[in-house]
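Trainee: I have a new structure open and little idea where to begin. Can we go through it together?

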Amino acid sequence: SGGGQQAPVLAAAGATVTVLDNSPKQLEQDARVAREHGLSITTILGDMAHLDALHDNSFDLVVHPVSNCFVPDVQPVWAEAFRVLRPGGSLLAGFNNPILYVFDQDLLEHSKRLEVRHPLPYSDTATLTPSEAAARLSSGWPLEFSHTLEELIGGQMRAGFVLTGMYEDSNRPEDADPLNTYTPTYIATRATKLL
């Protein structure tokens with residue numbers, strides 16, 4: 001969840017914040033924003049599916065912004081979030097609506113046209129041609145993976161959480177993403193680790 005967004009806001013609100021990301025650049029953004037605003041944030045370079053650096057039952061809240069799209073298997077992420085939360089703690093998770101991945105993203109981005117191209121669940125490693133994958137990586141963009149709603153929502157419950165809230169939203173105007181005309185493109189959930 002690095003990038004100088006959620007962590008500084010939570011720290012400014014008085015929370016004791018630890019932010020984990022697998023990108024040193026994203027963590028540097030958090031450190032920079034924290035320095036600029038006199039905030040205290042602990043940053044950890046790591047993998048969201050392997051929170052070995054964090055102790056069991058040590059957090060009241062896990063904020064997991066839209067980042068599931070960077071892991072091929074989301075179940076270990078939910079299991080680790082459950083492990084590090086204290087009983088009564090909550091997971092706030094955001095993720096792409098899986099329907100996003102049905103469409104040709106390059107065509108959508110460049111011409112604002114919706115054209116069905118991919119079966120779900122989507123995987124860059126299985127779907128893109130070698131030249132498309134190479135072009136994406138050389139441009140600095142990571143490979144992405146979609147997940148089913150069963151994996152995204154049901155997976156939280158399989159990890160032991162009780163779903164206590166769900167919200168759908170479109171975070172971009174329709175002229176930037178025409179799919180927003182037809183459906184919300186983002187989903188957020190609140191799940192609780194019961195006592």
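Trainee: Which element has the lowest mean pLDDT, and which the highest?

Mentor: Helix α4 (residues 105–111) has the lowest mean pLDDT, 84, and α3 has the highest, 98. pLDDT is the predictor's confidence in each residue, from 0 to 100. This is a predicted model: local features need pLDDT of at least 70, side-chain atom pairs count only at pLDDT 80 or more, and totals for chains, interfaces and linings use all residues. Residues are numbered from 1 along each chain as its sequence is written, and side-chain values use heavy atoms, with hydrogens and water left out.

Trainee: How many helices and strands are there?

Mentor: The protein has 7 helices and 6 strands. These are DSSP runs numbered from the N terminus: helices are H or I with at least four residues, strands E with at least two.

Trainee: What is the strand order in the open sheet?

Mentor: The order is β3-β4-β6-β5, with mixed pairing. Two strands pair if DSSP finds at least two bridges between them.

Trainee: Which strands stand at the edges?

Mentor: β3 (59–64) and β5 (162–169) do; each has a single partner strand, so one side of each is left without a neighbour in the sheet.

Trainee: And in what sense do β3 and β4 pair?

Mentor: β3 and β4 (residues 85–96) pair in the parallel sense, over 5 bridges. Val63 has Leu92 in β4 as its bridge partner.

Trainee: New topic. What share of the residues is buried?

Mentor: Of the 195 residues, 41% count as buried, meaning under 20% relative accessible area with a 1.4 Å probe, protein chains only.

Technical notes. Buried means under 20% relative accessible area, exposed over 50%, partly exposed in between (1.4 Å probe, protein chains only).
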